[in-house]
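Student: I would like a close look at a single part of this model. Please start from one residue and work outwards to the helix that holds it.

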Amino acid sequence: MNKKLLSILMCLIMLVSPMLASCGNNTNPADTSETGDSVSTTEKTDRTPMTLSLWLPTDKSTTEEAVKLVENEINKLTQIKYNTAIELHAVDRDEYQAVIDKKLSDIDDVKNNTAAASESERLKELQNAINGILPGEEVETEAVSGEETAETEINEYGQSVDVYPAVADDQLDIFLVKGYDKYKEYSDTGLVEALDEQLNANAKKLKSYVYPTFLEMANINGIYGIPNNHALGEYQLLLVNKELAEQYDYNADELNTLLGCKDFIKDIGSQNIAGVTPLLGECEAANMYYFSSDGKWSVIANHIVDKDLDNVYYETFQIAPRVLFDIEEYGKTYTMMRELKEAGYVGDGKIDNGEKFAVGVIKGDGSLIDEYSDDYYVYTHAIPVADYDDIFESVFSVSTHTKDVGRSTEIITYLNTDQKIRTILQYGVEGVHWESDTTGDEDVIHLLNHDYSMDIVDTGNVFLTYPGDGIPMSYWDNLKQQNLDSAANRYAGFEYLTEDNKAYMDRVADVSADIHSRLESASADQLPATIRSISAELFENDDINSLLSGGAGEDITDTLMILFENHIK
């Protein structure tokens, strides 16, 4: 065999071997290339200059010039700290989702075209080998000067500096995911990286800055993004008038629940005090959750949360739906409301200027505590509940088309743990877009223009930067406490409606509508007997029994048990 023929055979073997290897069934995911998804990012991350893209929604007032200024200011920090540059893309929030989806689609097109070109080149080389044309015998072309990017260059001051490569057409690194549906869609279709490994490695610091509920609820068979830390849910605050409680000799410690305020409300109402509403507005038992096919009031219900439960098995049992009037607090509160309404002691729920009320329940965040604490004792009627709308409002995810997941997660960590970069990304460049004011009791900032305008929840951990123009950092104190007081909605994401039980749920909706009408038409005197009668009927209702204890295929309780047990593993 002559040398030329041997060389041709060697070329054929080298060209065909990758094809054979790709057909094998024993490929180890951990043995992928440097850009493979399964490679440990801790191992593959180096400190060569790298450029990552960051995509965010913004207001219409934001200008391209302002975005470039912010990008330059951010890069002063990230290049020194991580040898990583950021290419910042700020997109009109009305167009943001469409732009991101198109970018993902365009990247697929680029990758498909690249793969097709590579295959075409492989076939060409194979044909050349068959025809006896060795690689060394092909016509050589001159290398284009500057084809390889130098690692450094000389700047205007004669200094050698790193050169940061441009973001590739098929590269998408960090982007903001808005809403649970998109988060799940991207994770299900493999468009975002799982970050669990990062949270146990170079992004471990995030766990100290992001409230645990965010990460717990973001875990849907893996954590595919870092929710931006902000206040969760909203309170229902019970307000009790200090002046009236003292004037009529009531112990404030005994007025810390709505039911505990019943006699106080009646007493104030009987005095008929001008300009004073005994109870601000109608309200119900705290933290109720109704199981229904249409999202409306239902005779099957439970409390959303119970923060006093610490036994996992008891808590698992407690998630099971119950007949509404088996929940003692609900029945007592409903009856109390009917008595107070018939007596004329319940207002319309609106607070007019200068209006006084003896007792009221208002909804809002923790900032309301300071607003009302001078004139009212402030208690918690319903704790804040973290639902999917809260958790997935704004999530930083890393695309599977990223240049490097480890370096991308470093930037996400930086944005959620460092005040300086956090403030730049939110408010822009100091002296250009905002200025600091240290003349008062607390430091604040003042906006100079709206050339760079972002939603504070979209740019990272809200608690790390100023709440707004002229608002001090102490504003966040009650909202941080709000997160400590909050609990996750234990039913969030639980798809309890199934093909087996939907017909039963539809019939229960009809029953619920009928019972609600009967309850509303009963007088306060009739209500206890009406509730007892309804409870007996519900106990005998076949549809409800089928849903709660079998008979509707996989009953609703079993469905919830399975989902909950999977959730807490």
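Tutor: The residue to start from is T530, which sits in helix α19. Keep in mind that the model is predicted. T530 has a relative accessible area of 18%, and the cut-off for buried is under 20%, so T530 counts as buried. Leaving aside residues up to four places away in sequence, T530 touches L519 and A522.

Now take the helix as a whole. Helix α19 covers residues 527–540, which is 14 residues. At 1.5 Å a residue the helix should span 20 Å, and the C-alpha atoms at its ends are 20 Å apart, so the expected and the computed span agree.

T530 has company on the buried side: L527, I531, I534 and L538 of α19 are buried as well. Seen down the axis of α19, these buried residues fall within an arc of 95 degrees, and therefore they line one face of the helix. The general background is simple: an α-helix has 3.6 residues a turn, so residues three or four places apart point the same way.

What does the other face of α19 carry, the one turned away from its buried side? There the exposed residues are R532, F539 and E540. To put the picture together, T530 is one of the buried residues of α19, while R532 is among the exposed residues on the face turned away from them.

How values were computed:
Residues are numbered from 1 along each chain as its sequence is written. This is a predicted model: local features need pLDDT of at least 70, side-chain atom pairs count only at pLDDT 80 or more; totals for chains, interfaces and linings use all residues. Side-chain values use heavy atoms; hydrogens and water are left out. Helices (H or I, at least four residues) and strands (E, at least two) are DSSP runs, numbered from the N terminus. The expected span of a helix is 1.5 Å times one less than its number of residues. Buried means under 20% relative accessible area, exposed over 50%, partly exposed in between (1.4 Å probe, protein chains only). The arc is that of the directions from the helix axis to the C-beta atoms. Contact means heavy atoms within 4.5 Å.
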